[in-house]
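Me: Pick one part of this model and give me a close look at it, along with whatever it sits against. Keep it chatty, but give me the cut-offs behind your terms.

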Amino acid sequence: MSGVRVFEAGDIAQELWVIRTGKAALMVFDSAGYEQPVHSFTDGGLLGASSFFTGLPMHWSIKISAATTALKLTESDRDALFTAFPEEASRIADEISQMVAELRRNANAILEERGYDS
């Protein structure tokens, strides 16, 4: 399953994947148009979280980089959780926003470190 793309930049995630075992890579294009891995997700990693919880398009692609098993959370699962625990919805949205901002900073720093403009 290595190399399989879970999400492409611009996708709106309709599922959240939680890695049980394995590894996935967050990929971005540098200024020269080459795709670069800038973050690794391992056991417990959430694939597509920012888009899944906000409904906004993905800023990056995610592909499986090693044999992986994962759990899938659907939109109806998410909606049921938020209905059952409405006070958590706002906290989750805040945490996702912070996570996305950190991933963007890290991706830009990695690309700059490698000599690419972000």
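## A close look at one helix

Reply: Let's start at the far end: α3 is followed by Gly115, whose phi is positive, near 90°. The helix and strand names come from DSSP runs, numbered from the N terminus (H or I over at least four residues for a helix, E over at least two for a strand). Bear in mind that this is a predicted model, where local features need pLDDT of at least 70 and side-chain atom pairs need 80 or more, while totals for chains, interfaces and linings use all residues. Numbering runs from 1 along each chain as its sequence is written, and side-chain values use heavy atoms, with hydrogens and water left out.

Now the helix itself. With 28 residues, α3 reaches 41 Å from its first C-alpha to its last, close to the 40 Å expected at 1.5 Å a residue; that expected span is 1.5 Å times one less than the number of residues.

Which residues of α3 are buried? They are Ile96, Val100, Leu103, Ala107 and Leu111. Buried means under 20% relative accessible area, exposed means over 50%, and partly exposed is what falls in between (1.4 Å probe, protein chains only). As a reminder, an α-helix has 3.6 residues a turn, so residues three or four places apart point the same way.

What do they pack against? The buried residues of α3 pack against β2, β3 and α1, going by contacts, meaning heavy atoms within 4.5 Å. On the α1 side, look at Ser50, which is found in that helix. Ser50 is buried at a relative accessible area of 10%, and it touches Gly55, Trp60, Ile96, Met99 and Val100, setting aside residues up to four places away in sequence. Ser51 is in α1 too, and counts as buried at 1% relative accessibility. Its contacts beyond four places in sequence are Asp11, Ile12, Ala13, Leu56, Pro57 and Met58.

Trp60 is worth a stop as well. With the same four-place rule, it touches Glu8, Ala9, Leu26, Met27, Val28, Ser50, Val100, Leu103 and Arg104.

Step back, and α3 also feeds the largest nonpolar core, which has 21 residues. Such a core is a set of buried Ala, Val, Leu, Ile, Met, Phe, Trp, Tyr and Cys residues joined through side-chain atoms within 4.5 Å. Ala24, Leu26, Phe41, Leu47, Trp60 and Ile62 have the most contacts inside it. The elements giving two or more residues are β2 (15-29), β3 (35-41), α1 (49-54), β5 (61-74) and α3 (86-113).

How do β2 and β5 run relative to each other, parallel or antiparallel? They are antiparallel, joined by eleven bridges; strands count as paired if DSSP finds at least two bridges between them. Glu15 stands opposite Thr74 in β5. Strand β1 (residues 5-7) pairs with β5 as well, antiparallel over two bridges, and there Arg5 has Lys63 as its bridge partner.

Finally, back to the C-terminal part of the helix. The C-alpha atoms of Leu111 and Ser31 are 9.2 Å apart, although 80 residues separate them along the chain. Ser31 lies in the loop between β2 and β3 and is exposed, with a relative accessible area of 52%, whereas Leu111 is one of the buried residues of α3.
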